[in-house]
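User: I am new to this structure. Please walk me through the terms used for it.

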Amino acid sequence: MFDKIYDNCDPTEKEISCQCGEVLIKMSHGRPRRVMECCCVDCYQHLEWASVMGGPKVPIVPTLSYWDNDVVVVRGEEHLRVVLLREDGRSKRTTATCCFSTLMVDHPGYSGVMFMLFEEACRIQDDVPDVPPTKTRPAESRIYFKDFDTSRGKLPEFGGDPSRVHQTCCPKYINGWNSKSSPTLENPSGEKIQSLFERIPQMILGLEEGKRILSRSDCPVGFE
Ligand SMILES: [Zn+2]
Ligand SMILES: [Zn+2]
């Protein structure tokens, strides 16, 4: 269920926070199931939207990390919104209205056993103090390369195994990674993000698939 690349990551509890620190969350298991880079239009569009709303700078290729679904919101729940790109959007991306960081992301494909974080759009506690996560938990694959457009910027070279760069989704390298076959946590210490999402307001951005968001005027729906 975990890629061996991450065997040295500290498996104990880790903190996740928004960039400004108003929102603080703890996750019970600090070793990622896997880390990937994603070039897809939806990841990029959400991060562009959050950025024009005042959030973090959009990375040319976002890094996605996947974690066990067991969290405790320590503070700042009132800032959280669940954001969908469009009515039929399948990913639910938590956004903090204090600074437009993006926190936990859910997708039906994760089957409730894990959630995703954008490494560049929030703060995740280091595995080893002062060693960047790109060293301790490097991306093991790069996916949806077909969606990459050079207008995003100069493509950074993929630092991992070049055979793990894929035009669309990646093959299942890791036994048990498939969320449908992954065991759920035996002794959760917090809650699943689905129960959190039931309490926080949701908003649907109504964005056309693949449309670039370069300014607030590109967004039909804003935050009230
Ligand atoms: Zn914040
Ligand atoms: Zn993506």
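Analyst: Here are a few features, each set against its definition. This is a predicted model, in which local features need pLDDT of at least 70, side-chain atom pairs count only at pLDDT 80 or more, and totals for chains, interfaces and linings use all residues. Residues are numbered from 1 along each chain as its sequence is written, while chains are lettered from A and ligands numbered from 1 in the order in which they are written.

User: Why is Asp-130 called exposed?

Analyst: A residue is exposed if 12 or fewer other C-beta atoms lie within 10 Å of its own, buried if 20 or more do, and partly exposed in between; C-beta atoms are placed from the backbone. Asp-130 has 5 other C-beta atoms within 10 Å, so Asp-130 is exposed.

User: What makes Ser-111 partly exposed?

Analyst: Ser-111 has 14 other C-beta atoms within 10 Å. That count falls between the two cut-offs, so Ser-111 is partly exposed.

User: Where do Ser-111 and Asp-130 sit?

Analyst: Both are in loops. Ser-111 lies between strand 8 (101-106) and strand 9 (114-118). Asp-130 lies between strand 10 (123-124) and helix 2 (133-136). Helices (H or I, at least four residues) and strands (E, at least two) are DSSP runs, numbered from the N terminus.

User: What is notable about the phi of Ser-111 and of Asp-130?

Analyst: Most residues other than glycine have a negative phi. Ser-111 is not a glycine, yet its phi is positive, about 50°. Asp-130 is not a glycine either, and its phi is positive, about 70°.

User: How do you know that strand 1 pairs with strand 2 and with strand 10?

Analyst: Two strands pair if DSSP finds at least two bridges between them. Strand 1 (residues 14-17) has 2 bridges to strand 10. Strand 1 has 4 bridges to strand 2 (residues 24-27). Both counts meet the cut-off, so both are pairs. Ile-16 has Ile-25 as its bridge partner in strand 2, and Ser-17 has Arg-123 in strand 10.

User: Which strands stand at the edges of the sheet?

Analyst: The open sheet has 4 strands in the order 5-2-1-10, with antiparallel pairing. Strand 5 (71-75) and strand 10 stand at the edges; each has a single partner strand, so one side of each is left without a neighbour in the sheet.

User: How does the span of helix 1 compare with what is expected?

Analyst: The expected span is 1.5 Å times one less than the number of residues. Helix 1 (residues 41-52) has 12 residues and reaches 16 Å from its first C-alpha to its last, close to the 16 Å expected. Its buried residues include Cys-43, Leu-47 and Trp-49.
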